[in-house]
Amino acid sequence: MTSKIHNSILILSLILFASCRTQKPTPRPTSPETVDFPTANIPLPAMDFNFILPETPELTMSHSPRKDITEALTPHDKSQIAVKDPKLFKENNTEIINLSLIPSGEYAFPLPNGNVISPYGGRRRHHSGVDIKTCANDTIVSAFDGIVRMAKPFAAYGNVIIVRHYNGLETIYSHNSKNLVKPGDRVLAGQPIALTGQTGRATTEHLHFETRINGVHFNPNIIFNMAKRELRSKCLVCTQKGNNVIVKSVDLLPHQKKGSYVPASPDKWVYNE
Ligand SMILES: [Zn+2]
């Protein structure tokens, strides 16, 4: 009997000891309870697809390459190289000229088949234009439609023609052996206006060709690819700063190209050439 009690005490002691050994340690403090993200459908704001067609002022201004220019010429207009057009830069200090909107029949390389013999600019002397050569008495044509502003001999320019164009630009043709048009004449792109010569300060018969806006000359290479004798498909951003005008040539954005976007469905627009 005593041994049975002893055995029972021993077993109880063992169980008690085992239960003490296997007692779990005090749990560490848990991290803050995870918050479930609401799974319910949250309605998104309705999309407005009109942003695909931005109605920028530039877009409106570049719709037509034809600008309102001053055609009533003063004696000053007919006798000076650098002349401002009071109708330009009237709305703001920027004029946009989208060359890609000028149809193929409304521009011409000023000296067909001519090659550049001296570029614009340069370090030693600032060349205000580009020199293009073929041969003596070759036909010089107007680069764009416009009105002849000046046609006379003028100092180092020799016989010079200046055409004010409806796109806002002016072009200058100098050293001519003969001028074929007079101030006030309306000319079309490609129309003969003078013959190449060596009048003024020139060492050979050639065309000195300048491009200007509001009297300020800029690189004609921005307008024409001189090697291909082609008009560039670019957009000119002309910004007036005091008496200066900075002309930047930018690539066309899709909405500035000749075609237009039309809606194919409420949320999809397709480009029409
Ligand atoms: Zn020159």
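## Exercises on a predicted zinc-bound chain

The chain exposes about 16700 Å², of which carbon and sulfur atoms supply 56%. The coordinates belong to a predicted model, and the exercises below begin with the confidence of that prediction.

**Exercise 1.** Determine what average pLDDT the chain has, and which stretches fall below 50.

*Solution.* Start with the whole chain, whose pLDDT averages 82, with 68% of the residues scoring at least 70. Turn next to residues 16-23, where the pLDDT is below 50 and where the model shows zero contacts beyond near neighbours in sequence. Then consider residues 48-63, for which the pLDDT is also below 50, although this stretch has 21 contacts in the model beyond near neighbours in sequence.

**Exercise 2.** Describe the chain by its secondary structure, its burial and the sequence separation of its contacts.

*Solution.* Counting the elements gives two helices and 18 strands. For burial, the chain has 273 residues, and 39% of them are buried, where buried means a relative accessible area under 20%. For the contacts, take those between residues at least 6 apart in sequence; of these, 61% join residues at least 24 apart.

**Exercise 3.** Identify which residues coordinate the zinc ion, and explain why two of them tie together parts that are apart in sequence.

*Solution.* First list the donors: His-127 through NE2, Asp-131 through OD and His-208 through ND1 coordinate the zinc ion at 2.0 to 2.1 Å. Written along the sequence, the spacing of these donor residues is H-x3-D-x76-H. Next place two of the donors in their elements: because Asp-131 belongs to strand β3 (residues 130-133) and His-208 to strand β11 (residues 207-213), the pair ties together parts that are 77 residues apart in sequence. Finally, check the accessibility of this pair, which shows that both Asp-131 and His-208 are buried.

**Exercise 4.** Find the volume of the largest pocket and say which residues are the closest to its centre.

*Solution.* The largest pocket has a volume of about 360 Å³. Its lining comprises 16 residues, and the closest to the centre are Arg-125, His-127, His-175, Arg-201 and His-208. By element, β7 (170-176) and β11 are those that give two or more residues to this lining. Comparison with the metal site shows that His-127 and His-208, which coordinate the zinc ion, are among these central residues.

**Exercise 5.** State how many cavities of 30 Å³ or more the structure holds, and what lines the largest cavity.

*Solution.* The structure holds one cavity of 30 Å³ or more, and the largest cavity contains about 50 Å³ of space. Its lining includes Val-83, Asp-85 and Leu-88, together with Arg-164 and His-165, and also Ile-213, Asn-214 and Gly-215.

Methods: Residues are numbered from 1 along each chain as its sequence is written. This is a predicted model: local features need pLDDT of at least 70, side-chain atom pairs count only at pLDDT 80 or more; totals for chains, interfaces and linings use all residues. Side-chain values use heavy atoms; hydrogens and water are left out. pLDDT is the predictor's confidence in each residue, from 0 to 100. Contact means heavy atoms within 4.5 Å. Donors are N, O and S atoms within 2.8 Å of the metal (3.2 Å for Na, K and Ca); water is not among the atoms, so sites may look incomplete. Helices (H or I, at least four residues) and strands (E, at least two) are DSSP runs, numbered from the N terminus. Buried means under 20% relative accessible area, exposed over 50%, partly exposed in between (1.4 Å probe, protein chains only). Accessible areas come from the Shrake-Rupley method with a 1.4 Å probe; for residues, only the protein chains shown count as cover. On a 1 Å grid over the protein atoms alone, a cavity is a set of points where a 1.4 Å probe fits but cannot get out, and a pocket is an open set with protein on both sides within 12 Å along at least five of seven lines; lining residues have an atom within 4 Å of a point. Grid points are joined across faces, edges and corners, and a volume is the space filled by probe spheres set on the points.
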